Amino acid sequence: MASVQQIVEGGTEPTTEVSEDELFDVLSNQRRRFAVHLLKREADDSIAIGDMAEQIAAWENGIETAEITGTERKRVYTALQQSHLPKMDKAGVVDFNKNRGIVEPMPAMTDVDVYMDVVEGKEIPWSDYYLGLSGVAVALVGAVWLGAWPFVLLPEFAWTVAIVVAFAFSAITHKYYTAEMKVGEPDEPPELT
């Protein structure tokens, strides 16, 4: 289990390591994912719990922050204060100061992006896509090398260029797609877009 603080020469220093189990536990709840998204998108690196509760309530109800009711806000605020933020603080993802009502991201927050490969609907993960593309490239190289018809109709250099272009196009598409789905980047969390 990762500790939030490491003792270093008599002082304390925040750790940047959070176990995978703890991180997946933090990300297993939609409100905590919304909190992570909100913290990653904030420029000043801290947010008041009231502001966080207001935005999360709006996202949960699919409305603007000006439209939420006091009951909706209070429900989210209470859950954040009593359950979600203490759990995230214990895992070392955030620093939750309950007395001041302030939430700040910890250095371990950067690990979240590694685990947030968002796959929607019937899409395949990028790792499976690249594995399949590599398989096609190997089969193509084998067919060209063996001189199989119709692969002999074009020079080997043309097939090499085709393979490089396929990987380059895939990489550019992947970069564009993941930039849109990055936690903290767009206005709304990826699961709402």
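## Overall architecture

The chain contains seven helices and five strands. The model is a predicted one. In sequence order, the elements run β-β-α-α-β-α-α-β-β-α-α-α.

The chain has 193 residues, of which 32% count as buried. Its exposed surface comes to about 11700 Å², and carbon and sulfur atoms supply 56% of that area. Among the contacts with a separation of 6 or more, 58% are between residues 24 or more positions apart.

## Helix α3

Helix α3 covers residues 49-61, 13 residues in total. From its first C-alpha to its last it reaches 18 Å, close to the 18 Å expected at 1.5 Å a residue. The buried residues in α3 are I49, G50, M52, A53, Q55, I56, A57, A58 and W59.

These buried residues pack against two helices, α2 (30-41) and α4 (70-91), and against the strands β3 (47-48), β4 (94-97) and β5 (102-105). After α3 comes G62, with a positive phi near 65°. Most residues other than glycine have a negative phi.

## Packing of α3 with α2 and α4

The axes of α2 and α3 cross at roughly 120° and come within 10 Å. An angle of this kind falls outside the parallel, antiparallel and perpendicular ranges, the last of which ends at 115 degrees, and α2 and α3 are therefore oblique to each other. The crossing of α2 past α3 is right-handed. On the α2 side the contact is made by R31, F34, A35, H37, L38, L39 and R41, and on the α3 side by M52, Q55, I56, W59 and E60.

Helices α3 and α4 pack with their axes 8 Å apart, at an angle of about 115°. Their crossing is also right-handed. From α3, the contact involves I49, G50, M52, A53, E54, I56, A57, E60 and N61; from α4, it involves E72, R73, R75, V76, Y77, L80, Q81 and L85. M52, I56 and E60 of α3 take part in the contact with α2 and in the contact with α4.

## Packing of α2 with α4

The axes of α2 and α4 lie 10 Å apart, and the two helices pack at an angle of about 80°. Helices α2 and α4 are therefore roughly perpendicular to each other. Here R31, R32, A35 and V36 of α2 meet R75, V76, A79, H84, K87 and M88 of α4.

R31 and A35 of α2 appear in this contact and also in the contact with α3. On the α4 side, R75 and V76 meet α2 and also belong to the contact with α3.

## H84

Is H84, a residue of helix α4, buried or exposed? Its relative accessible area is 8%. The cut-off for buried is under 20%, so H84 counts as buried.

Apart from neighbours within four places in sequence, H84 is in contact with N29, R31, R32 and A79. Of these, R31 and R32 lie in α2, while A79 lies in α4.

## A cis peptide bond

W149 and P150 are joined by a cis peptide bond, with omega about 10°. Most peptide bonds are trans. P150 is located in the loop that runs between α6 (126-146) and α7 (156-180).

Note on methods
Residues are numbered from 1 along each chain as its sequence is written. This is a predicted model: local features need pLDDT of at least 70, side-chain atom pairs count only at pLDDT 80 or more; totals for chains, interfaces and linings use all residues. Side-chain values use heavy atoms; hydrogens and water are left out. Helices (H or I, at least four residues) and strands (E, at least two) are DSSP runs, numbered from the N terminus. The expected span of a helix is 1.5 Å times one less than its number of residues. Buried means under 20% relative accessible area, exposed over 50%, partly exposed in between (1.4 Å probe, protein chains only). Contact means heavy atoms within 4.5 Å. Accessible areas come from the Shrake-Rupley method with a 1.4 Å probe; for residues, only the protein chains shown count as cover. Axes are lines fitted to C-alpha atoms, for helices over the stretch in contact, and angles run from 0 to 180 degrees between N-to-C directions. Angles under 35 degrees count as roughly parallel, over 145 as roughly antiparallel, 65 to 115 as roughly perpendicular and the rest as oblique. A crossing is left-handed if the near helix is turned anticlockwise from the far one by less than a right angle, and right-handed if clockwise.
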